[in-house]
Amino acid sequence: MGRTEDDLRRTLRRIDGRGYPAYRDLKGTWQLPRFKLMVRHVQGDPFAAPTRVAAFLEPARAGFPAAAIATASRRTGLSCLLARTFASRARGARPERAGSGRSGEVAMTDPGQAVLPNTAVILGPDGSVEARFTVGLPAAGRRVLGRQAEKLLLETVPGLVCATLLYAAHDPAEVRGHAEVNEDADHLRSQLAGRGLVAFIADGALLPRRSGIDDRPMNLGQATLFTSPPSLQVTLERLNAPPLAGMGIPRGVNLLVGGGYHGKSTVLDAVARGVYNHRPGDGRECVVTDLGAAKVQAEDGRSVAGVDISPFIGALPGGQDTTSFSTPNASGSTSQAAAIIEALEAGTRLLLIDEDTAATNFMIRDRRMQALVRGDDEPITPFIDRVRSLSEDAGVSTLLVIGGSGDYLDVADRVLAMIHYRPRDLTAEARAVAADHPTGRLAEEAPVRWPLRHRFPDPRSVRPGRGRRERHIKVQGRTAVAFGNDRIELAGVSQIVSWAQTRAIALAAAHSRTHMGAGAAMEDVLAALEAELARGGLDVLDPGRPGDLALPRMQEVGAALSRLRSLRVAGG
């Protein structure tokens, strides 16, 4: 039977008052009345990272009905509900005076608004539940507070488990809703390609967020709900609800235009986040986008390693080769060119661009500037002259927010205007305007072949270790990672949704070395890594089985590798 609740109680009383290292006696598995408590890593002192534990419930004890866990989509939706509920309850579980440092703290990674496979709560196909969280083992100074630890582990933690991880602890309608809504989102997305679409926004969707740092939906009374223009309205099927009408964004070159503060960037951001599912009540539950969509922008100062940016940047002064371009300090135009090529390398079939974060000289060179600066003296072929080739020759669509250059009307398949937060299809009007007001701009496009030159990353240049530590990875918020002796800046990778996803991205970048070498191009490395994660789950990234990982996309893993300043590649 193993160690029991009584054994755990006796152990805690035995070590009461001893030095903090005595808590190491807790490591291992304890069979409590309702679940197994697994102590996987014991913190070194009360001020260190807290102790990692897990609660494992057998299917009969968890009690979830077969319908709630019938598919992977349903299990993911439900696991996020459980994790969100546990995390919320745990925040209020710490006693006011628990001791030194993190004493008495119970914490679980909160999934937030996005619904992603994660390691906070793992719901098995058989209905078993494994919840991973941390506890701060109580101490006075650096002395064990055994009685307080007894209350923490044998009262507080079991109370949280029973209040959040059992089917009986939830409203059955809430359980069913989280399972079915997530399954429906996956089903909606699965229909896009067959309908010739790259994204879908349901009628009635609530797109605005509370603020730039609060991903929750804006209060209903302050927001305008989305309504599709008739010409772009489509109806998609759902598995658990009636068919759903909304705006389908077709493949090709699509512009979002309109005045400032009318909702253009809000729509683009919703489409960008549509690569992920969202919790019921988020407002974007039925906004879905092609899984490989990438939002790209200019990033002055980023590093670039061996990227073929020649479709956009020709011969540079000094003769630098742009078919294998490297720099520790990219300009706005070279960084945006590199971001697009790196996105294609990771399998992107939809580019999302907002002119507010783009390099102007990369996006457009108007007729007057063409007349002033000769083509021979300008190495940049602007995006306007490549966007149609990307669509027609490479199969890569674009959704572009544009308000400052009417030249893009000449290359667009569709023009969608946001007027007072409501979309209108102005394609016909835009074509008439383009015909009535020619700009005289000359296309600068030269023939280009897609795909481009491959990159072959050198595994020796991906160095996550530091000193004697084989792996030194510290996540510093959502947008930065200490990686060995290097630092990866991810502020320009805007589709990362959480700290947990950033941590998984960093670990995946380190793990990707196992797939490098032997003629493996970057796209091969990412494909192999994605397949490994699909087979083994997120635990392949960290044998310690932490509870703070959320599934990354290969677009973001590739972006992190590409921004690693130590990265070296060979061309092929």
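Okay, let's start in the middle of things: strand 16 and strand 23 run parallel, and 4 bridges join them. If you want a residue pair to click on there, take Leu256, which stands opposite Val401 in strand 23. Before I go on, a reminder that this is a predicted model, so everything I quote is computed from predicted coordinates.

Now, strand 16 covers residues 253-257, and 4 bridges also join it to strand 24, residues 414-419, again running parallel. On that side, Asn254 stands opposite Arg414 in strand 24. So how many residues of strand 16 are buried? The count is 5 of its 5 residues. Split that by face and you get Val253, Leu255 and Val257 buried on one side, with Asn254 and Leu256 buried on the other. Both faces are covered, in other words.

Let's zoom out to the sheet those strands belong to. It's an open sheet of 6 strands, the order is 19-22-23-16-24-25, and the pairing is mixed. Strand 19 and strand 25, residues 422-425, sit at the edges with a single partner strand each, so one side of each has no neighbour in the sheet. Further along that order, strand 22 (residues 350-354) and strand 23 (residues 397-401) run parallel, with 5 bridges joining them. Leu351 is the residue that stands opposite Thr398 in strand 23.

While we're by strand 24, have a look at the loop between strand 24 and strand 25, where you'll find His420. Its phi is near 50°, a positive value in a residue other than glycine. As a reminder, most residues other than glycine have a negative phi. Is His420 buried or exposed? His420 has a relative accessible area of 57%, and the cut-off for exposed is over 50%, so it counts as exposed.

There's another residue like that to look at, Ala518, with phi near 55°, also positive and also not a glycine. Ala518 lies in the loop between helix 12 and helix 13, the latter being 522-536. Its relative accessibility is 91%, so Ala518 counts as exposed.

Helix 12 takes us to the other sheet I wanted to show. This one is an open sheet of 3 strands, order 27-28-29, with antiparallel pairing. The edge strands are strand 27 (473-475) and strand 29 (486-489), each pairing on one side only. On average, neighbouring strands here are turned by 20° against each other, if you ignore direction. Strand 27 pairs with strand 28, residues 480-483, over 3 bridges in the antiparallel sense, and Ile473 stands opposite Phe483 in strand 28. And which helix packs on this sheet? That's helix 12, residues 499-511, which touches strand 27 and strand 28, with a direction about 160° from that of strand 27.

Right, cavities. Rolling a probe the size of a water molecule over the atoms shows where empty space is left. Here the count comes to 3 cavities of 30 Å³ or more. The largest cavity has a volume of about 190 Å³. It's lined by 20 residues, and the closest to its centre are Ala294, Val296, Ala339, Gln555 and Ala559. Which elements give two or more residues to that lining? Those are strand 19 (294-295), helix 7 (332-345) and helix 14 (554-562). Remember strand 19 from the 6-stranded sheet, where it stands at an edge. By type, the lining of the largest cavity divides into 8 nonpolar, 6 polar and 6 charged residues.

The second largest cavity comes out at about 100 Å³. It has 15 lining residues, with Asp110, Pro111, Asn118, Ala500 and Ala550 lying nearest the centre. The split there is 9 nonpolar, 5 polar and 1 charged.

Two loose ends before I stop. Pro280 is in the loop between strand 17 (277-278) and strand 18 (287-289). With 26% relative accessibility, Pro280 counts as partly exposed. Setting aside neighbours within four places in sequence, Pro280 is in contact with Gly177, His178, Val181 and Glu285. Its C-alpha is 16 Å from that of Leu244, 36 residues apart along the chain.

And then there's Ala60, in helix 2, residues 59-62. Ala60 has 76% relative accessibility, so it counts as exposed. The C-alpha atoms of Ala60 and Phe226 are 43 Å apart, with the two positions 166 residues apart along the chain.

Notes: Residues numbered from 1 in each chain as written. Predicted model: local features only at pLDDT ≥ 70, side-chain atom pairs only at ≥ 80, totals over all residues. Heavy atoms only, no water. 1 Å grid on protein atoms, 1.4 Å probe; cavity = no way out; pocket = protein on both sides within 12 Å on 5 of 7 lines; lining within 4 Å. Points joined across faces, edges and corners; volume = space filled by probe spheres on them. Nonpolar A, V, L, I, M, F, W, Y, C, P; charged D, E, K, R; others polar. Buried < 20%, exposed > 50% of the residue type's maximum accessible area, 1.4 Å probe, protein only. Pairing = 2+ DSSP bridges. Axes fitted to C-alpha atoms, helices over the stretch in contact; angles between N-to-C directions. Contact = heavy atoms within 4.5 Å.
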